[in-house]
Amino acid sequence: LLPIYRFDTSDKQRWNEIVLQPALDIVLRFLQNKEMDMGVIEQLQSVNRLGNVKDLKRSVAITDVEQWRNFYCTECDQSLHGQLEYAHHLKSKKHHKKRRNLNR
């Protein structure tokens, strides 16, 4: 079994540093059959000490996988992330204007 790693994704400004680079390092070392960097392991262990993911308070409750599925609006040629964002888009003036222009 492969281990599952949890990353601290709370700081958007440091996304490359605290999420992307460590994740790439893990994947590349795995593909090259190399041992993991101890610095990355220590960083991941500190995140794991934050507690159980189920116990964390979230600003948005994740109740259904559909909420996080990607949707695509063919009329607007736009990808939307999540059911709520897609529903808002379908009600937007931009979407309705695009549909009117396509029907002409």
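So, Cys76: this one is buried, with a relative accessible area of 13%. Before I go on, keep in mind that what you're looking at is a predicted model. Now, who is the neighbor? The closest cysteine sulfur to that of Cys76 belongs to Cys73, 3.7 Å away. And Cys73 is buried as well, at a relative accessible area of 1%.

Okay, two buried cysteines, so I know what you're about to ask. How many disulfides are there in the whole structure? Zero, according to a search of all of it. Remember, a disulfide is a covalent bond between the sulfur atoms of two cysteines. The cut-off used here is sulfur atoms within 2.5 Å. The Cys73 sulfur sits 3.7 Å from the one in Cys76, and that's too far for a bond. So Cys76 is in no disulfide.

Next, have a look at His89. Which residues does His89 touch, leaving out those up to four places away in sequence? Both of our cysteines, Cys73 and Cys76, plus Gln78, Leu80 and His95. His89 is buried too, with a relative accessible area of 6%. And where is it? His89 lies in helix 3.

That takes us to the helix pair. Helix 3 covers residues 83–91, and helix 4 covers residues 93–102. People describe two packed helices by the angle between their axes and the distance between the axes. Here, the angle is about 55° and the axes are 5 Å apart. Helix 3 and helix 4 are therefore oblique to each other.

Who's doing the touching? On the helix 3 side you have His89, Leu90 and Lys91, and they meet Lys93, His95 and His96 from helix 4. Sort that contact by class and you get one nonpolar residue, three polar and two charged. Notice that His89 turns up again here, and its contact list also includes His95 from a moment ago.

Let me zoom out to finish. The protein chain has four helices and two strands. Starting at the N terminus, the order goes α-α-β-β-α-α. There are 104 residues in the chain, and 14% of them count as buried; Cys73, Cys76 and His89 are among the buried ones.

As for the surface, the chain exposes about 9100 Å², with carbon and sulfur atoms supplying 53% of that. Last number, on contacts: take the ones between residues at least 6 apart in sequence, and 21% of those join residues at least 24 apart.

Okay, that's me done. Over to you.

Methods. Residues are numbered from 1 along each chain as its sequence is written. This is a predicted model: local features need pLDDT of at least 70, side-chain atom pairs count only at pLDDT 80 or more; totals for chains, interfaces and linings use all residues. Side-chain values use heavy atoms; hydrogens and water are left out. Axes are lines fitted to C-alpha atoms, for helices over the stretch in contact, and angles run from 0 to 180 degrees between N-to-C directions. Angles under 35 degrees count as roughly parallel, over 145 as roughly antiparallel, 65 to 115 as roughly perpendicular and the rest as oblique. Contact means heavy atoms within 4.5 Å. Ala, Val, Leu, Ile, Met, Phe, Trp, Tyr, Cys and Pro count as nonpolar, Asp, Glu, Lys and Arg as charged, and the others, Gly among them, as polar. Buried means under 20% relative accessible area, exposed over 50%, partly exposed in between (1.4 Å probe, protein chains only). Accessible areas come from the Shrake-Rupley method with a 1.4 Å probe; for residues, only the protein chains shown count as cover.
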